[in-house]
Amino acid sequence: MMNHQLPTYLANARPNPLENRAPWYLNTAQSYAGIFLWIAFFDQLAGTAAGEGALKMLGLGGSLVALIVAGFVAYLFFYYVPGLLGMQTGLPLYIVGTSTFGTIGGYFLPGIFMGLLQIGWFSVGTYYAAILILEGIGLPQHAVSLYGQGGQFSAIFVLVAVIWGILFGLVGAYGIRYVARVATFFPIVPIVMLLLSARLAAPYTGQFEVRISDPVPGFLLVIQLVIGFFATAGAAGVDFCMNNRNREDVKWGGILGIWVPIVFAGGLAMITVAGALGKNPDLENLTYTAALPVLEPRLAQVMKILFAIGSVAPACFCSFIIGNSLSTMLGSEKTRVPLTLAGAGIGIVLAALGVAGNLAAFFGLIGASFGPVVGAMIADYLLSGCRWAGPRQGINWAGYAAWIVGFVVGIQNHPWVSGLPNWDMTAVYSLVVGFVVYAALAKLGFQPPVVEAPHLQLSQAQDQG
């Protein structure tokens, strides 16, 4: 190690002590489960699976098997090592990432970049909530926007999106602790709705027409969709698991917070869509929310309002993370509220214009962006003897090269590039490439030296179990 002046965000960081930790069922599992019980996940998953052919090419049974595999990939490859790093160190992602990207490089990756991506997630949540509210109160013709369905503009849609975004941007800035107190109960709403919709769809799933011809594209598409949605949250396993006590907490928090909810939420949504297509074979493609009125029109309106209510917690947490990440890296605690509101404002504009409705493209960018981040972190972890090495001086070019090359690979099936078929699982490839590039460059000596930071090493021996 060497002496080096640490940036303020590193100098002020302190590990979460073991006495503040709690079992996995009090933190990690429920926090992660809430991500997959968000309408933005299973609506897009089921809709794209139907529209791009996964359901029709694999059948419902094959799609559910693909979903099980996707959940396993998300848990083992995108979450487990970041989770272990969080548990071992008791430090958040923007601190742990300084080993892979450097004390200066850590400003952008993963620090500022994580905050910027949360602006995108906030816009997605606002967009979905506005549509669900309008459809739920019987105004589906207004659930459109400038770049949304049909390229139409709706002043009512914009108004609802702006009100929703401002309200929960303010809650994220000023009152997140109140949301956190009740967030444990928010997942109950989508759980009940998913079970109900699947029950309504069950009698018709046998009538769903299947053409099993070339199942590989459908299988890979399901994995790509899940990982594209999850990649950012996988890296954030560092943050989730800094509250865990030992490896068992990391393991079970991931299995029951990630793998099981992916299969539960995604599977019930696919059953719902398959049942709706079975009930009305003339329909071509359906999202989960579009399938609800096919099964039960009146109940569907109530369910959409409830799904909008269920998205309150994710919206508030996104706005909170925007301000927390950006203020930590760019300013101080005094700038957290204005940065939160500024980020929320950008998200509101993206939602109101309908840009946030293009989720397939958005998921693709997420997977391409954070797949190589996680891959590089895994390589760094293994090369450091399965522990956190500590912050590395300046910019760790091995980490940045891994991210750039991995990102280029990850966007090869994106609509803006179209280098590979849109069903290919480039998000997974980007992780593998990030891992290989980082490992190769580290072996060639491109890692800068670790700097002395004894105040960050307090919890290094807490890897128990």
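**Close-up views of a predicted model**

**View 1. Tyrosine 174 in helix α7.** Tyrosine 174 is exposed, its relative accessible area being 54%, in a model that is predicted. This tyrosine has its place in helix α7. Although tyrosine 174 and threonine 340 stand 166 residues apart in sequence, their C-alpha atoms are 9.6 Å apart in space.

**View 2. The buried face of helix α2.** Helix α2 spans residues 28-36, and within it Thr28, Ala29, Tyr32, Ala33 and Phe36 are buried. When the helix is seen down its axis, these buried residues fall within an arc of 115°, so they line one face of α2. An α-helix has 3.6 residues a turn, so residues three or four places apart point the same way. The partners against which the buried residues of α2 pack are α3 (39-51), α4 (54-89), α10 (215-235), α11 (237-241) and α12 (247-279).

**View 3. The crossing of helices α3 and α6.** Two packed helices are described by the angle between their axes and the distance between the axes. For α3 and helix α6 (residues 108-136), the axes come within 10 Å and cross at roughly 80°. Because angles of 65 to 115 degrees count as roughly perpendicular, α3 is roughly perpendicular to α6. On the side of α3 the contact is made by Ile39, Ala40, Asp43 and Gln44, and on the side of α6 by Val124, Tyr128 and Leu132. By residue class, this contact of α3 with α6 divides into five nonpolar residues, one polar and one charged.

**View 4. The cis peptide bond at proline 110.** The peptide bond that leads from leucine 109 to proline 110 is cis, with omega near 0°. Proline 110 has its place in helix α6, the helix of residues 108-136 that also crosses α3 in the preceding view.

**View 5. The largest nonpolar core and a separate core.** In soluble globular proteins, nonpolar side chains tend to be buried together. The largest nonpolar core of this model has 128 residues, and those with the most contacts inside it are Phe41, Phe42, Tyr79, Trp121, Phe230 and Tyr288. Helix α4 supplies the largest share of this core, namely 17 residues. Phenylalanine 41, when residues up to four places away in sequence are not counted, touches Ile35, Phe36, Val226, Phe229, Ile262, Ala265 and Gly266. Apart from the largest core lies another core, of nine residues, including Ala402, Val437, Leu441 and Ala442.

**View 6. Glycine 234 in helix α10.** Glycine 234, whose place is in helix α10, is buried, with a relative accessible area of 0%. Once its neighbours within four places in sequence are left aside, glycine 234 is in contact with Tyr32, Phe78, Tyr79 and Pro82. One of these partners, Tyr32, is among the buried residues of helix α2, and another, Tyr79, is among the residues with the most contacts inside the largest nonpolar core. Between glycine 234 and proline 82 there are 7.2 Å from C-alpha to C-alpha, with the two residues 152 residues apart in sequence.

**View 7. Isoleucine 137 in the loop after α6.** Isoleucine 137 is found in the loop between α6 and α7 (155-174), and at 52% relative accessibility this isoleucine counts as exposed. Leaving aside neighbours within four places in sequence, isoleucine 137 is in contact with Gln301 and Ile305. The C-alpha atoms of isoleucine 137 and isoleucine 305 are 7.8 Å apart, whereas in sequence the two residues are 168 residues apart.

**View 8. Leucine 382 and cysteine 386.** Leucine 382, found in helix α17 (residues 359-383), is partly exposed, with a relative accessible area of 43%. Leucine 382 and valine 81 are 301 residues apart in sequence, while in space they are 9.3 Å apart, C-alpha to C-alpha. Cysteine 386 is found in the loop between α17 and α18 (397-410), and this cysteine has a positive phi of about 60° although it is not a glycine. Cysteine 386 is partly exposed as well, with a relative accessible area of 36%.

Note on methods
Residues are numbered from 1 along each chain as its sequence is written. This is a predicted model: local features need pLDDT of at least 70, side-chain atom pairs count only at pLDDT 80 or more; totals for chains, interfaces and linings use all residues. Side-chain values use heavy atoms; hydrogens and water are left out. Buried means under 20% relative accessible area, exposed over 50%, partly exposed in between (1.4 Å probe, protein chains only). Helices (H or I, at least four residues) and strands (E, at least two) are DSSP runs, numbered from the N terminus. The arc is that of the directions from the helix axis to the C-beta atoms. Contact means heavy atoms within 4.5 Å. Axes are lines fitted to C-alpha atoms, for helices over the stretch in contact, and angles run from 0 to 180 degrees between N-to-C directions. Angles under 35 degrees count as roughly parallel, over 145 as roughly antiparallel, 65 to 115 as roughly perpendicular and the rest as oblique. Ala, Val, Leu, Ile, Met, Phe, Trp, Tyr, Cys and Pro count as nonpolar, Asp, Glu, Lys and Arg as charged, and the others, Gly among them, as polar. A nonpolar core is a set of buried Ala, Val, Leu, Ile, Met, Phe, Trp, Tyr and Cys residues joined through side-chain atoms within 4.5 Å.
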